[in-house]
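Dear colleague,

I am handing over the structure we spoke about, and you will find the sequence and the coordinates just below. After them come my notes on a strand residue, two helix pairs and the salt bridges.

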Amino acid sequence: MLSALRRANRDKKVFVGLSGGVDSSVAAFLLKKEGYGVTGIHIRGYNVDGCADDDALVARRAAEKIGIPFYVWNMEREYKESVVDYMVSAYGSGITPNPDVMCNKEIKFGLFFEKARLLGADYIATGHYALLDADKHILRLAKDGSKDQTYFLWTLKRDTLEKTLFPLGNLLKSEVRKIAAKAGLPNAARKDSQGICFLGKLKMADFLSRYIKESPGPIMGPEGKILGTHRGLSFYTLGQRHLGIEGMGGGKSLYVAKKDADKNSLILVHENHPLLFTEKVSLTGINLVLGEPEKGSDVLVRVRYRTPSVEARLSPVKGGKGILSFKKPVLFVAPGQSAVFYSREGEMLGGGIIA
């Protein structure tokens, strides 16, 4: 006898993005267990060092074990144009982009969502750690705070969330591993991917050097003392720790505090130097899931993934632009990164790009 839940779900088609990792595989497994008609889709993106080939193979084996249809959708060109070119262009202009945010917006919840719906899917699903409030169609912080991925999902609209499922939002990572092991999934013990998959074993700076010409210039202390030579401002981000530079004494780590494009110089300072703190930033491309408030609003905000949220005031938003004022100065705020807003109850309210 089918349970009431399984009977209600058995006519619902879900296309699950299977990356090859354990999270998306468990998401597919749980949805099938709940009675959904599940199809696994592996999105083939930009591939530098062959990691995409391994991912597709593991995803296929997981789908076979779960007992669901499996297809590979080649979106290498679209990924290159929407994510890679965007990332290279942003670094080239001196800012630090977040390619994971763009990948979610343009690929997973853009092209994948649209194609799945055209092919008759009632929902799409992913292995993101995020809780979906089905009544309000907004996201909440996941149960596993160390894995919460709502930071990367701030561009999503409510009409997309209405047709999306996040099966892992109420699970700890350790619980996901146990489910995978019990189900005999081939990736139950597979390590989590680190960073952007298409980079493979390359470091970001080495990847960027394929596209951006090096432009060496002086590395300087805050008082103007020359400490060394950098390879080009595009290869550094504000707040980045820079080792191996001597000349400022104390043997302490130095951090990138400023990139002076006019002088092509990189300014390094010690930790807690005033140049590392920011009190106010302009935002562009703002998306507010619940709509734009008529007045300014107090929010909790994250300016980097896995950093603690801080109190801030968001000015009235007009045309996707606004001002974010921090209640206390914040360390390592980098232009191009995402500022993501939350309520005190853990609702993800939206976000914007730091200008």
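To begin with a single residue, T39 is part of strand β2, which covers residues 37–44; please keep in mind throughout that this is a predicted model. With a relative accessibility of 13%, T39 counts as buried, because the cut-off for that word is a value under 20%. Leaving aside residues up to four places away in sequence, T39 is in contact with V14, F15 and V16, and also with I68, P69 and Y71.

Next come the helix pairs. Helix α2, made of residues 22–33, packs against α7 at an angle of about 65 degrees, and their axes are 10 Å apart. That angle makes α2 roughly perpendicular to α7, and the crossing of the two is left-handed. On the α2 side the contact is formed by V22, D23, V26, F29 and L30, while α7 contributes K173, V176, R177, I179, A180 and A183. Sorted by character, the residues of this contact are 8 nonpolar and 3 charged, with no polar ones.

The second pair is α4 (residues 76–92) with α5 (residues 99–118), whose axes come within 9 Å and cross at roughly 160 degrees. The two helices are therefore roughly antiparallel, and their crossing is right-handed. Here E78, Y79, S82, V83, Y86 and M87 of α4 meet P99, M102, C103, E106, I107 and L111 of α5. This contact divides into 9 nonpolar residues, 1 polar and 2 charged.

How many salt bridges does the model hold? The count comes to 17, and I describe some of them here. D192 pairs with K147, with 3.1 Å between the closest N and O atoms. Because D192 sits in the loop between α7 (173–183) and α8 (204–208), and K147 in the loop between β6 (138–140) and α6 (158–161), this pair ties together parts that are 45 residues apart in sequence. D192 itself is partly exposed, at 26% relative accessibility. Both residues also belong to a network of salt bridges that links D23, K147, K173, R177 and D192; among these, D23 of α2 and K173 and R177 of α7 were named above in the contact of those two helices.

A further salt bridge joins the side chains of K327 and D298, at 3.9 Å from N to O. K327 lies in strand β16 (residues 322–331) and D298 in strand β14 (residues 297–302), so that the pair connects parts 29 residues apart in sequence. How accessible are its two members, K327 and D298? K327 is partly exposed, with a relative accessible area of 47%, and D298 is likewise partly exposed, at 49%.

Finally, E311 and R344 meet through their side chains in a salt bridge of 2.7 Å, N to O. This pair links distant parts of the chain, with E311 in strand β15 (residues 310–314) and R344 in the loop between β17 (338–342) and β18 (347–354), 33 residues apart. E311 counts as partly exposed at 38% relative accessibility, whereas R344, with a relative accessible area of 62%, is exposed, since that word applies to values over 50%.

With best regards

Notes: Residues numbered from 1 in each chain as written. Predicted model: local features only at pLDDT ≥ 70, side-chain atom pairs only at ≥ 80, totals over all residues. Heavy atoms only, no water. Salt bridge = Lys/Arg side-chain N within 4 Å of Asp/Glu carboxyl O. Helix = DSSP H or I, 4+ residues; strand = E, 2+ residues; numbered from the N terminus. Buried < 20%, exposed > 50% of the residue type's maximum accessible area, 1.4 Å probe, protein only. Contact = heavy atoms within 4.5 Å. Axes fitted to C-alpha atoms, helices over the stretch in contact; angles between N-to-C directions. Parallel < 35°, antiparallel > 145°, perpendicular 65-115°, else oblique. Left-handed = near helix turned anticlockwise from the far one by under 90°. Nonpolar A, V, L, I, M, F, W, Y, C, P; charged D, E, K, R; others polar.
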